[in-house]
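Me: I should like to learn how to read the features of a protein model. Could we go through them one at a time?

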Amino acid sequence: MALEPKFSIITITFNAESVIDPTLKSVLAQTYTNYEYLLIDGSSTDSTVEKAKASGIEFAHIVSEPDNGLYDAMNKGIALATGDYLCFLNAGDAFHAPDTLQTIVDTIKDEKELPHVLYGETAEV
């Protein structure tokens with residue numbers, strides 16, 4: 001039986017309207033679709049949340065409320081996540097390619113059970 005893990009993609013934002021578009025586009029472009037997308041926003045005063053809502057992505061959760069910083073926001077995302085894996089894709093970041101999640105799944109397809117941790121390389125641009 002092929003493994004089909006669910007990814008919880010979590011994006012943390014605060015006044016990120018100038019950098020959020022590539023992040024949203026890279027999630028929307030993923031060919032592997034067994035994921036949920038969560039946007040945890042620190043009560044932005046710009047159009048970050050509106051851009052996310054207009055992106056065409058079906059979000060599992062959009063939370064926009066004051067928080068106590070980055071790690072508090074990350075913990076909010078973790079508490080809401082239901083996936084097998086957590087994937088933090090911060091505002092301004094993007095997946096390497098449209099098949100990034102599919103490549104991960106293809107890499108573990110012969111495993112008998114899901115690995116506890118998955119990791120890859122990061123490319124700075």
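Reply: Let us begin with a term: a residue is called buried when its relative accessible area is under 20%, and exposed when it is over 50%. Please keep in mind that this is a predicted model.

Me: Is phenylalanine 7 buried or exposed?

Reply: Phenylalanine 7 has a relative accessibility of 3%, so it counts as buried. Tyrosine 32, at 8% relative accessibility, also counts as buried.

Me: How is a pair of aromatic rings described?

Reply: One gives the distance of the ring centres and the angle of the planes. In this model there are three aromatic pairs. One of them joins phenylalanine 7 and tyrosine 32, with 5.8 Å from centre to centre and 85° between the planes. Planes over 60 degrees apart count as edge-to-face, and this pair is therefore edge-to-face.

Me: Which parts of the chain does the pair of phenylalanine 7 and tyrosine 32 tie together?

Reply: Phenylalanine 7 belongs to strand β1 (residues 7–13), whereas tyrosine 32 sits in the loop between α1 (20–28) and β2 (35–41), so the pair ties together parts 25 residues apart in sequence. Phe7 and Tyr32 also form one aromatic cluster with Tyr85.

Me: Where do nonpolar side chains tend to be found in soluble globular proteins?

Reply: They tend to be buried together. Here the largest nonpolar core has 19 residues, of which Ile9, Val27 and Tyr37 touch the most other members. At least two residues of this core come from each of β1, α1, β2, β4 (85–88) and α4 (100–108).

Me: Which residues does isoleucine 9 touch?

Reply: Leaving aside residues up to four places away in sequence, isoleucine 9 touches Val27, Tyr35, Glu36, Tyr37, Leu38, Cys87, Leu89, Phe95 and Leu101. Apart from the largest core lies another, of seven residues, including Leu38, Ile40, Val63 and Ala73.

Me: In what order do the strands of the sheet stand?

Reply: The sheet is open, its four strands follow the order β3-β2-β1-β4, and their pairing is parallel. β3 (61–64) and β4 are at the edges with a single partner strand each, so one side of each has no neighbour in the sheet. From one strand to the next, the twist averages 20°.

Me: How many bridges join β1 to β2?

Reply: Seven bridges join these parallel strands; among the residues concerned, threonine 13 has aspartate 41 in β2 as its bridge partner.

Me: Which strands does helix α3 touch?

Reply: Helix α3 (residues 70–80) packs on the sheet and touches β1, β2, β3 and β4. Its direction makes about 145° with that of β2.

Notes. Residues numbered from 1 in each chain as written. Predicted model: local features only at pLDDT ≥ 70, side-chain atom pairs only at ≥ 80, totals over all residues. Heavy atoms only, no water. Phe/Tyr/Trp six-rings, centres within 6.5 Å; stacked < 30°, edge-to-face > 60°. Buried < 20%, exposed > 50% of the residue type's maximum accessible area, 1.4 Å probe, protein only. Core = buried A, V, L, I, M, F, W, Y, C linked by side-chain atoms within 4.5 Å. Contact = heavy atoms within 4.5 Å. Pairing = 2+ DSSP bridges. Axes fitted to C-alpha atoms, helices over the stretch in contact; angles between N-to-C directions.
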